[in-house]
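Reader: Could you take me carefully through the empty spaces in this model and the helix packing that goes with them? I am in my first year, so please explain each term once as you come to it.

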Amino acid sequence: MSNFPFLSVLTVAPLVGALLVALLPRRNPDLAKLVAFGWSLLVLVLSVAMWIAFQADGDRFQFRESYAWIPNWGVNFTFEVDGIALVMLMLIAILVPLVILASWHDAESSKRSVPVYFALLLVLECTMIGVFAAADVFLFYVFFEVMLVPMYFLIGSYGGHQRQYAAVKFFLYSLVGGLFMLAAVIGLWVVGGKTFDWQALSQAEFATDTARWLFLGFFLAFAIKAPFFPFHTWLPDAGGAAPAGAAALLVGVLDKVGTFGILRYCLPLFPEASRWFAPWALALGVIGIIYAALLAVGQNDLKRLVSYTSIAHFGFIGVGIFAFTTQAGTGAVLYMLNHGLATGLLFLVVGMLIARRGSALISDFGGAGKLVPLLAGVLFFAGLASLALPGTAPFVSEFLVLIGTFTTNKPVAVIATLGIILAAAYVLWMVQRTTQGTLNPALTEVDGMRRDLSLREKVVVAPLIALIVLLGFYPKPVTDVINPAVKATMQDVGRTDPAPEVGSVQEAAK
């Protein structure tokens, strides 16, 4: 199985599926949905097979493939994954089929082409897989930019209120970040031996000032994509306007490209610059945790509230990355996975609630749990997972980030802990105002509010709930895959865990 071209097949398969779905007649939307769902399940099966074939105690990078593309520039279709990228690919493979199921009626309600909507979701899956699998810097840049296109149309054509404004803002912010990266990619090719191959560039040596400028170019692009404070303002607009399924992928996966890029490109290629910029990055992370949490408390729009919570969570991920310890780094990567599961679930459930009420405003709800108790219960669970309640997967991630950061930077860890308190405030207040308390009489007049979770919706939420609970109690299968890649990245940066040893990742997780 290790010789099978998993990465190229996984990248191309969703694109082929998208073409098939797009060619289906518009008058037969159910067929388009079934083909898209079936194709996404095929990608999931291949991803599970790749996970099984991956050797956690083997080489750092596995499943390497390389095909010539532009020989004169040294550009190749080169793919390979380490444990960090593998976890992100599994997250994509899990979320996309669930998003397709959850979005079964989204395109119809927008009165636009149903086949095109699901084709766009598959094109987005193709670009997301490609960006995490790429081992050629130019190829990574291409996927980084191309993934903007399907998400732009998903927001702009199928979104809600102010969708055009949100789509353009999302596109412009990401495009500006891409321009910074393009300048850095060109500079890297010039001073790195006229190659874009990650393996070769990781062995190159750069002058201090040159490395710092190149680091800055990549970091700005990734900070906008993540998004980190103060580059975050596009996310509440995009997340609030996007269809719930697209928003789940936007916050659950696309944003992770930013933090993944920092781990894959900024830290290993520019270790001295990473250490030099670390205090600034930690400061941005801490500010983002507190600032976004405070803004989330004051939101009246459900989807914007969830978007602000994600900005706060990305602050934790940023802190974990730049703490430069194995515990914090593993916690940051695990947070990338667990945040995708928990916030993906929260966005999908919020979307179900909004579809029933016909409004995203919290003030239009109140006591909804009396009408849809099962949906209200899932919303409560998703909220508890989002605030990192012990027993849920995000708790393990947050704990590792904080304990790993505390060993090297106690003030940052202490301030970041305040975000946990604020998370409890905005999540519990949201749940209280939407599903608890006195029943809003207006809800009884809405037909949709009389329908609890359907079988299809139960199939959507059940796997995410199961994974969040499983990884909350037993994260070892994932940490075993992540930890070797994180240790190698810390070695690239030239940092080791402080003495005395705090303990292994597994002990910390327990």
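Author: What follows goes through the pockets, then the largest cavity, and then two helix pairs.

This is a predicted model, in which local features need pLDDT of at least 70 and side-chain atom pairs count only at pLDDT 80 or more, while totals for chains, interfaces and linings use all residues. Residues are numbered from 1 along each chain as its sequence is written, and side-chain values use heavy atoms, with hydrogens and water left out.

Rolling a probe the size of a water molecule over the atoms shows where empty space is left. On a 1 Å grid over the protein atoms alone, a cavity is a set of points where a 1.4 Å probe fits but cannot get out, whereas a pocket is an open set with protein on both sides within 12 Å along at least five of seven lines, and lining residues have an atom within 4 Å of a point. Points are joined across faces, edges and corners, and a volume is the space filled by probe spheres set on them.

The largest pocket holds about 880 Å³ of space. Its lining has 35 residues, and Ala-244, Lys-303, Gly-351, Ile-354 and Ala-355 are the closest to the centre. Among the helices (DSSP runs of H or I, at least four residues, numbered from the N terminus) that give two or more residues to this lining are H8 (163-191), H12 (244-254), H15 (302-322) and H16 (326-357). The largest share, 6 residues, comes from H16. By class, the lining of the largest pocket has 14 nonpolar, 12 polar and 9 charged residues, where Ala, Val, Leu, Ile, Met, Phe, Trp, Tyr, Cys and Pro count as nonpolar, Asp, Glu, Lys and Arg as charged, and the others, Gly among them, as polar.

The second largest pocket has a volume of about 260 Å³, and of the 13 residues lining it, Trp-51, Ile-94, Leu-467, Leu-471 and Val-478 lie nearest its centre. H16 gives two or more residues to this lining too, as do H2 (29-53), H3 (83-102), H20 and H21 (476-493). Here the classes come to 13 nonpolar, no polar and no charged residues.

H3 and H16 also pack against each other, at an angle of about 5° and with their axes 10 Å apart; axes are lines fitted to C-alpha atoms, for helices over the stretch in contact, and angles run from 0 to 180 degrees between N-to-C directions. The two helices are therefore roughly parallel, a term for angles under 35 degrees, while those over 145 count as roughly antiparallel, 65 to 115 as roughly perpendicular and the rest as oblique. Their contact (heavy atoms within 4.5 Å) includes Leu-91 and Leu-95 of H3 and Leu-337 and Leu-341 of H16.

Turning to enclosed space, a search of the whole structure finds 4 cavities of 30 Å³ or more, and the largest cavity has a volume of about 50 Å³. Its lining includes Ile-289, Ala-293, Ala-312, Phe-316 and Glu-398, and H14, H15 and H19 (410-435) each supply at least two residues. The largest share of that lining, 4 residues, comes from H19.

H14 (residues 271-297) and H15 pack at an angle of about 155°, with axes 8 Å apart, and are therefore roughly antiparallel. Among the residues making this contact are Ile-289 and Ala-293 of H14 and Ala-312 and Phe-316 of H15. The contact of H14 with H15 has 16 nonpolar, 5 polar and no charged residues.
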